[in-house]
Amino acid sequence: MQKIRSLLYVLTMIILFSCEKKIDFDLKSVPEVLVVDASIENSGPPIVFLSKSFSYFAQISPGLLDSSFVHNVDVFVSNGTLTHKLREYSIDTIPGYKVYFYSIDTANLGTAFLGSFNTTYNLRIVYNSIEYTSNTTIPSLAKKPDSLWWKPAPMNPDTNKVVVWVKSHDPVGLGNYVRYYTRRNSEPYLPGEHSVFDDQVIDGTSYELQIIPGIDRNNKLSDEDNFFYHGDTVTLKLSNIDRSTYNFWNTMEFNYESVGNPFASPNKVIGNISNGALGAFCGYASSAKTIIIP
Amino acid sequence: MRFAALTLFLFPVLLFSQSRYTVSGYIKDSLNGETLISATISVQGMQKNIASNQFGFYSITLAQGNYKLICSYTGYQQKEVEVALNVDKQLNFEMPPKITVTQEVVISAKVKDANVRNAQMGKIDLSMEQIKAVPALLGEVDILKTIQLLPGVRNAGEGSSGIYVRGGGPDQNLIMLDDAVVYNTGHLFGFFSIFNSDAIKNVSLIKGGMPAQYGGRLSSVLDITMKEGNDKKMQVDGGLGLIASRISIQGPIKKNKVSFIVSARRTYVDGLTKLFVKKSSQFYGSGYYFYDLNAKVNYKISSKDRIYLSGYFGRDVFDFVNGRQSLRVNIPWGNSTATFRWNHVFNKKLFGNTTLVYNDYKFNFGAAQNDFEIKLFSGIKDFSAKQDFDLYPFTGHKIRFGAQYTFHTFTPSVLTGKQGDTEFNPQNAQVKHANEYAAYIQDDWTIGDKIKMNAGLRWSGFQQVGPYTLYTKDPNGNKLDSTVYGKGRTLKFYNGLEPRFTIRYALGENTSLKGSISQNNQYIHLVSNAGTTLPTDLWVPSTYKVKPQQSWLYALGLFKNYKENMYETSVEVYYKTMKNQIEYKEGYVPNTLEETEDYFTFGKGWSYGAEFFVNKSRGRLTGWIGYSLSWTWRKFDGLNFGDTYPAKYDRRNDLSVVVMHQLSNKWKLAATFVYGSGNAATLPERFYIYQGVLTQEYSRINEYRLPAYHRLDLSAILTPKHKPNKKFTSEWVFSIYNAYSRKNPYFVYFDQTGSPYDGTLKVQAKQVSIFPIIPAVTWNFKFL
């Protein structure tokens, strides 16, 4: 339905005479809140990024981003039997810019664990004497990419462009939510613009779909570049997720889409962290398949 | 029980009609035979008058004697008839239209001082000449946009024909075309209304003190009547506009007995875009158009019986093709209605109207990509039957009573799909069925010279019925248990009494004070999570989960006319409460096939304000100024942390100025100016980085205000001198929409560009405006 809306909007704007101008709003200054980006994948360690929200700034500098990370926080993850206190690390992403995160404490591996299927995990964060909690599940590996193949891009004068297809099977019964990512050559995995799906339409069927390449939202490509190329090595990662992870990404992506769309009202992102923190704790049961396009 | 008591209270008036005689009949246009609605019959030398009903019928009862009856109707020459009343008489009035330069065109009530004399509050009849004179967007005459220029009515946004009345939502207006409910009133997302002005005879808006004959909506009634067709001679009208053309053919099938009218309108946008899209383009085949068809036939079987058959069919069609993505999309949507009416004059005092109606609204979406196809369908379909009686027991009383029944079928978004040989049969939400009932009685009662009142009572009921299966489901939507309801079996029944009361107290010849109290129940709802109403929005019934909306409206008004009713003025204040208002829960994303009602949250609303209206109804210069000062609030436990917030159609100040000037025989000029406080808006006020992406967290609901809205429109109508004996006449309508090209906000958003990692990330609020200055020209013709 949201696709229909976007389509209708594009049509309206073509037919009508829209114009844009810059405008200034005196936005209220609101208190900062904790932002939690926590995840655990099968055979992977729990990873938690903690930051603070900020008020409106016209220009967002790397300095502001650096200062938004939250340090020295007590972060605990439990799998029901073991509870492990995570340790803060940092890595350099690009020169002069560090990313901070919490993960397994290599000095205390006795309580550490990696993600496994069909397991529920609890997260507890104590920041400024306030406790934030959440939980998530790594479901079973119910859906996998069964096979991948490619075709020349239809009606495209650039014969170098191709489309990649996947065949998959959905088990009977609703609730098989998935999130997908693509990786081109040695680039990182990028989630699709609409990366999460439920199985309301395809429940219990085998189906084939064209894979829309994942996107970097900071560097969006036009639809014209929405293809793979001869010579690419393409990997599709399909993660099975629980309902709350699905709801989080579904509302988050709708939120991104509502920016600049008059037919979508401002949408609240539904996270799963207690006490008013933004973000979510997400579990992923993932598998991947690769195709080399000659 | 209470209903029976009121009936007993109202009917004794029947018992006192001795040695009095009745004169009754129809009031019609002498040139084309169209019946005239709300024309007045008054008795010279007496304070008695009565207005013709929706079918042009009137009845007045007087003591034996000689009288002069005066029939008047705006835009027509007054007619006087001497009557020696010693037996009951039937008397039809054929009114000649005034075809002079000083033709009066009145916006307000058609009876010259009806605004002061009637007990009814908040009712406005619009003449089609008036609507056609008001400058229009792209020259497309639009009934709903003219309605928006009245106090207490506001638009749904730039260019939109949606209306919000006294703090009510867009679904709270009962919009009827020849008694058929119209569920979607806009083409192209509401930029143009579906009503083809050439096919419309009369428009009547009731925004407060709704009479008991109407119900099922909380806020207003917009009763639109189609023309019946010229019963004297053939006539062709038409027009060529910038985006659409119209043609109407009307005439007698049997003179003075059977007449018809057929009207059609279609846009050209698709034709124009085809010129610019090459056949080799990946978008070839994309386009958009809309069309309307109106038709009506009426047959005067005898002086006592008359039947009407009328219908409307309209569609918007959008095609989108993207060859490179192998994507083909086809989206048609629209309304259809069919109305059969039988007027029967049982006797001089009892007029009956039987109505059968079919109406529907359908939205279809079909998309195919390679061999993957999906189809989505949603809609609402009604079959209705209605019986109304007008009873004129004797002068001073006009009683109306009747009953209505509707069978509704609601189809939620039902999706089917296939890929090659694999069919997808998703667990769609179920089709719902309901019976809606109503019965009413009301009396328009003149109690002496000073007091007039309209008291009515309506009973309404709504019954959700099978076939339906009630499921218990797990959080993922898997069915765990079910209860099956067979065809016609009741799932839920709601009913209630709706008292309606208005009273007028005359403070002098030209001044009156009016008050009204009314309660309304609404059983079907349109819930939208978009900034505006969309063709994809679903009408949903009251069910075991969704309770009926309910409102109370209290209004008080002072009405005063000056200079022999040339200037009509009024001040009305109102307070309105609304229960069981519906919104989507926070975080609702419209991409699920689950029952939408599972995503509803319920709350209350209230609105209060004052409306000022000055109308100059006669002379070369006519027009009006309407100003509203109002507040509209909502409170939902599940939204905005349970705190009160302004409704999205809350508008503090709303001003409309409409001026029309008959410059000469040839030229007629008009201008409208509107000003409205900025719309309430929810804006992002908290930002955060999530997985490297700047994310916007919105403020509390409607915490901010967009810039104010104002606009000036101009029009000039040139009517070249009509040569006698020539059957062909034409006129040119030149219009300028948004004359000073004000960039009014359609919406604002916070655009973000660049990457957070290299210091190039910028956030900038941007305002999108859609209509700059737009000149237009339309050529209208008539062949008679």
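A salt bridge here is a side-chain nitrogen of Lys or Arg within 4 Å of a carboxyl oxygen of Asp or Glu. By that rule the structure holds 45 salt bridges over all chains. The model is predicted. The tour visits several of these bridges, then the interface and a few strands.

**Stop 1: two bridges in chain A**

Select A:Glu32 and A:Lys52. Their side chains meet in a salt bridge, 3.9 Å from N to O. The pair links distant parts of the chain, 20 residues apart. A:Glu32 sits in the loop between β1 and β2 (34–41) of chain A, while A:Lys52 belongs to strand β3 (residues 47–52) of chain A. A:Lys52 counts as partly exposed, at 21% relative accessibility.

Now select A:Asp232 and A:Arg184. This salt bridge has an N to O distance of 3.4 Å. A:Asp232 lies in the loop between β16 (228–229) and β17 (233–241) of chain A and A:Arg184 in strand β13 (residues 177–184) of chain A, so the bridge ties together parts that are 48 residues apart in sequence. Are the two partners buried or exposed? A:Asp232 is buried, with a relative accessible area of 7%. A:Arg184 is buried too, with 17%. The cut-off for buried is under 20%.

**Stop 2: bridges in chain B**

Switch to chain B and pick B:Asp88 and B:Lys348. Their side chains form a salt bridge of 2.2 Å, N to O. The partners are 260 residues apart. Look for B:Asp88 in the loop between β6 (79–85) and β7 (89–90) of chain B, and for B:Lys348 in the loop between β23 (327–347) and β24 (350–369) of chain B. B:Asp88 is partly exposed at 33% relative accessibility. B:Lys348 is partly exposed as well, with a relative accessible area of 30%.

Next, show six side chains together: B:Asp178, B:Asp179, B:Lys296, B:Arg341, B:Lys386 and B:Asp388. Salt bridges that share partners join these residues into one network.

**Stop 3: where chain B meets chain A**

Show both chains. In this interface, 103 residues of chain B are in contact with 95 residues of chain A. The area buried between the chains is about 8,700 Å², and carbon and sulfur atoms give 62% of that area. Highlight B:Arg324, B:Arg686 and B:Tyr690. These three supply 9% of the area that chain B buries against chain A, more than any other three residues.

How many salt bridges run between chain B and chain A? The count is three. To see a salt bridge across the chains, select B:Glu586 and A:Lys268, whose closest N and O atoms are 3.9 Å apart. Polar contacts between the chains come to 19 residue pairs, both residues at pLDDT 80 or more.

Which strand gives the most to the side of chain B that touches chain A? Strand β50 (residues 761–769) of chain B does, with nine residues. Colour that whole side by residue class. The residues divide into 54 nonpolar, 35 polar and 14 charged.

Stay on β50(B). Strand β1 (residues 19–22) of chain A pairs with β50(B) in the antiparallel sense, over four bridges. Zoom to A:Cys19. Its bridge partner in β50(B) is B:Ser769.

**Stop 4: a covered strand in chain B**

Select strand β9 (residues 123–127) of chain B. The strand is mostly covered, with four of its five residues buried. Its antiparallel pairing with strand β16 (residues 200–206) of chain B runs over five bridges. One residue to centre on is B:Ser127, which stands opposite B:Asn202 in β16(B).

**Stop 5: β37 and the loop after it**

Pick B:Thr577, in strand β37 of chain B. B:Thr577 is partly exposed at 25% relative accessibility. Add B:Leu553. The C-alpha atoms of B:Thr577 and B:Leu553 are separated by 6.7 Å, although the residues are 24 apart along the chain. Beyond neighbours within four places in sequence, B:Thr577 is in contact with B:Gln550, B:Ser551, B:Trp552, B:Gly605 and B:Trp606.

Finish at B:Glu595, in the loop between β37 (567–584) and β38 (600–616) of chain B. B:Glu595 is buried, with a relative accessible area of 10%. Its side chain makes a polar contact of 2.8 Å with the side chain of B:Lys432. Apart from neighbours within four places in sequence, B:Glu595 is in contact with B:Ala429, B:Gln430, B:Lys432 and B:Tyr468.

Technical notes
Residues are numbered from 1 along each chain as its sequence is written. Chains are lettered from A and ligands numbered from 1 in the order in which they are written. This is a predicted model: local features need pLDDT of at least 70, side-chain atom pairs count only at pLDDT 80 or more; totals for chains, interfaces and linings use all residues. Side-chain values use heavy atoms; hydrogens and water are left out. Helices (H or I, at least four residues) and strands (E, at least two) are DSSP runs, numbered from the N terminus. Buried means under 20% relative accessible area, exposed over 50%, partly exposed in between (1.4 Å probe, protein chains only). A polar contact is a pair of N or O atoms within 3.5 Å; within protein, one must be able to donate a hydrogen and the other to accept it, and residues adjacent in sequence count only if both atoms are side-chain atoms. Contact means heavy atoms within 4.5 Å. Buried area is the accessible area (1.4 Å probe) that two parts lose on being put together, summed over both. Ala, Val, Leu, Ile, Met, Phe, Trp, Tyr, Cys and Pro count as nonpolar, Asp, Glu, Lys and Arg as charged, and the others, Gly among them, as polar. Two strands pair if DSSP finds at least two bridges between them.
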